[in-house]
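Work through the exercises below with the structure open beside you. Try each task before reading its solution.

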Amino acid sequence: MNGAAPPAIAVRRGGRQQRAAAGGAPRRVPFPVPAPMAAGRRAPPEPGGGPVLLQGVFGVGPGPGAASCSLVLTARELQVRRPGGSSGGSAGPDAAFRLADCVSSAAFPAAAAAACFSLICYPFRGPRWGSPARQRLERTFRVYRGPDAEGNLRIAQAWSRRIRELSVPAVPVQDGDSYGVLPRPCRALVLLNPQSGAGRALEDFQAVVQPMLAEAEVAASIFITERPHHAHEKVRDEDLSQWDTLVVMSGDGLMYEVVNGLMERPDWDEAMKKPLCILPGGSGNALAASINYYAGNDHVAKKKLLTNCTFILCKGLHTQMDLVSLSTASGKRLFSFLGFGWGFISDVDIDSEKYRWLGNARFTLGTLQCLAKLRVYQGRLSYLPLVPTAPGTPGDPPEPVTNGHVPLPAGTGAPGSLPPDSLLVPLGQPVPAHWTVVPEEEFVTVYAIYQSHLGTNLLMAPAARLHDGCIHLFYLKAGISRAALLRIFLAMARGTHLDLNCPHLCYVPVRAFRLEPRTAAGIMTVDGEALPSEPVQGQVHGRLCRVVCGS
C-alpha cells in the first residue's frame, strides 16, 4: 500500500514545521531552509578595500587643466581622494567605486600627449522610495607625466588592465558546485521574441541591453523569432560552437523552447554545457525574477529587473541548474526549468493570454476573473518525498553527478541518449510503495515549482535554489474560500503565504511526483505553456544545464 499524505503542512520560513496526520504532533519538514533575506540584502563593502595594489595622482576628466585627485586601487574598489586627503589613512576615501559593480575599463590617448583611462560601473542607487536600482556611472581620469605620450598611455593601460582583471567575478569554491565565467570578448546568440509580453522586447533590448553588452565586450548576434517553435528549431539544428552563451530576451516560454530544442540534439550533453541567460521581455518573467533573487538583489520589475539581469550577463558568472523531466500518458517527454501546474494557477496563466498587452498586470486581471468562477479539479496526486518520512523508510539512492550531468546506469542506454528517469515507473503502473499518495482527490490547484518565483511579483518558493535537487510541490485542497485564496496570493508577493497557516494550502519538498486527473477537463502548464490535461509524472535531474547567475 502507498503511504497516505498528511492532511496539511504548515510551514514557517524561519522554522518550518509539518503538521502530522490528524491528531499527531507537529514534526519538522526534513528540508534545509536558509534564513529569509529582507529588503536591502546586499552586504556593504568592507572598509578600506584591502591592500593597495596601485596608487597615483591623476586629473579628473579627460581635459587638461582639470582638478587632480589621488587614486588608490585595491582588490575590491577604486578609491578617490581629493588633493591634500590621506592616501591610506583612516579617514577613508572621498569616493569609492566597487569593482564588483564595474563592467568595463578602457585606456586611450588624449590631447597634448596625455592619456586617459575610464571605468564604467552600475552601482545600486536608492530612490527616495522603492527599491534601489543599478544606474550607469562612468568616470575618466587623465594621465600626464610629461611629454612622453607613449609612457602616459602605458600607465593608463596598466591601470585599465588591472581594473578589468579585478572586475572579473571570483569563482566560488564550494563542494559540489561548478562555477565558471564567460570569456572576454564574449559571443552571444540572443534569441528575441518581439511579440512577448507587451510587445516591447526589441525596443527594450536596443535601449537598455545592447549598450551595456557593448561596454562589457559582449558581441550579440540577434535572432528574432517569427513563429512558435522557431527558437526550438534554431538551437536544435544550429552549430553552437560559434557562441559562448545563449541569451533569451523574452518570457519564460521562449526559454522552455530553447531548453527542449537543446535536449533534442544528438550532442545534447555537450550543448547543455553552453550557459543560458534570461533577460526579462515577457509578462511573467519568473526565471529572471528568480535569478535576481538568488543574486541577493531587492525585488524589482520592468526596466530595473532588465538592467539587473543584463548586468549579471555582463559580469558573466555561470553555474549549474536543475531540470525536471516530465512524461505524459500520450508518450511525450519534456524538460522543464520552472514549474508544472494544474488548476487555478494554470487557468490564470492561459486565460489571461488575451490581455498580454497589459504586461504583468494581465495576471492580476486573470486572477480576479478566475476567482469569480472558482473551479475544483478531481485527480490523484502522489510524490516521492525529498527525505523519507520516517526512519527506515526505503528510498532511492541519490543520483551521482558527474560534470553537471546525471550518468547513465551501467549497461543501459547508448551514447547521446537522454538521462533515464530512474525514480519513475511507467504511468500505467501504481507508484512504488515508498511514495506518498495524497488522500484528498479534489484540488483547486497543484503546482510543482523548482525556482523561487512564479512570476515577477510572486515569491512562491523562497527556499528554492538553482541546483537544490528539489521540486517544491504545492497543492490547494478544495473547500478554500475565495477570500482565503486571495489572501494567499497577496501574501505570495512577499513570500509569506505559508506563514498564513491556511489548512487548505499544503507544501512538501519532493524528488518526483505524479498527477492523474480524473477527467480531461482543465488546463495543465509547463513553464507557462499549455498542455492537454492527462496523467503526467516528473522527476528532478540535478545540474543538467548551466545558467548565467549573479552569485
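Angles from 65 to 115 degrees between helix axes count as roughly perpendicular. The model used throughout is predicted.

**Exercise 1. Helix packing**

Task: Classify the packing of H6 and H7 from the angle between them, then list the residues that meet.

Solution:
- Step 1. Locate the helices: H6 spans residues 286-294 and H7 spans residues 302-315.
- Step 2. Read the geometry. The two pack at an angle of about 65°, and their axes are 10 Å apart.
- Step 3. Apply the cut-off. H6 and H7 are therefore roughly perpendicular to each other.
- Step 4. Add the hand: the crossing of H6 and H7 is left-handed.
- Step 5. List the contact. H6 contributes Ala-288, Ala-289, Ile-291 and Asn-292. They meet Leu-305, Asn-308, Cys-309 and Ile-312 of H7.
- Step 6. Sort the residues of this contact of H6 with H7: 6 are nonpolar, 2 are polar and none is charged.

**Exercise 2. Sheet order**

Task: Trace the open sheet of 7 strands and find its edge strands.

Solution:
- Step 1. Write down the order: S7-S6-S5-S4-S12-S9-S8, with antiparallel pairing.
- Step 2. Look for strands that pair on one side only. These edge strands are S7 (95-98) and S8 (102-109).
- Step 3. Note the twist. Neighbouring strands of this sheet are turned by 30° against each other on average, direction ignored.
- Step 4. Zoom in on one pairing. S6 (residues 77-81) and S7 run antiparallel and are joined by 4 bridges. Val-80 has Ala-95 in S7 as its bridge partner.

**Exercise 3. An aromatic pair**

Task: The structure holds 11 aromatic pairs. Decide how the rings of Phe-58 and Trp-159 are arranged.

Solution:
- Step 1. Choose the descriptors. A pair of aromatic rings is described by the distance of the centres and the angle of the planes.
- Step 2. Apply them. The ring centres of Phe-58 and Trp-159 are 5.1 Å apart and the planes lie at 80°, so the pair is edge-to-face.
- Step 3. Place both residues. Phe-58 sits in strand S4 (residues 52-60) and Trp-159 in helix H1 (residues 149-167). The pair links distant parts of the chain, 101 residues apart.

**Exercise 4. Backbone exceptions**

Task: Which peptide bond is cis, and which residue has a positive phi although it is not a glycine?

Solution:
- Step 1. Recall the norm. Most residues other than glycine have a negative phi, and most peptide bonds are trans.
- Step 2. Check omega. The bond from Arg-184 to Pro-185 is cis, with omega near -5°. Pro-185 is in the loop between S13 (180-181) and S14 (186-192).
- Step 3. Check phi. His-229 has a positive value of about 70°. His-229 is in the loop between S15 (218-224) and H3 (230-237).

Conventions. Residues numbered from 1 in each chain as written. Predicted model: local features only at pLDDT ≥ 70, side-chain atom pairs only at ≥ 80, totals over all residues. Heavy atoms only, no water. Pairing = 2+ DSSP bridges. Axes fitted to C-alpha atoms, helices over the stretch in contact; angles between N-to-C directions. Parallel < 35°, antiparallel > 145°, perpendicular 65-115°, else oblique. Left-handed = near helix turned anticlockwise from the far one by under 90°. Contact = heavy atoms within 4.5 Å. Nonpolar A, V, L, I, M, F, W, Y, C, P; charged D, E, K, R; others polar. Phe/Tyr/Trp six-rings, centres within 6.5 Å; stacked < 30°, edge-to-face > 60°.
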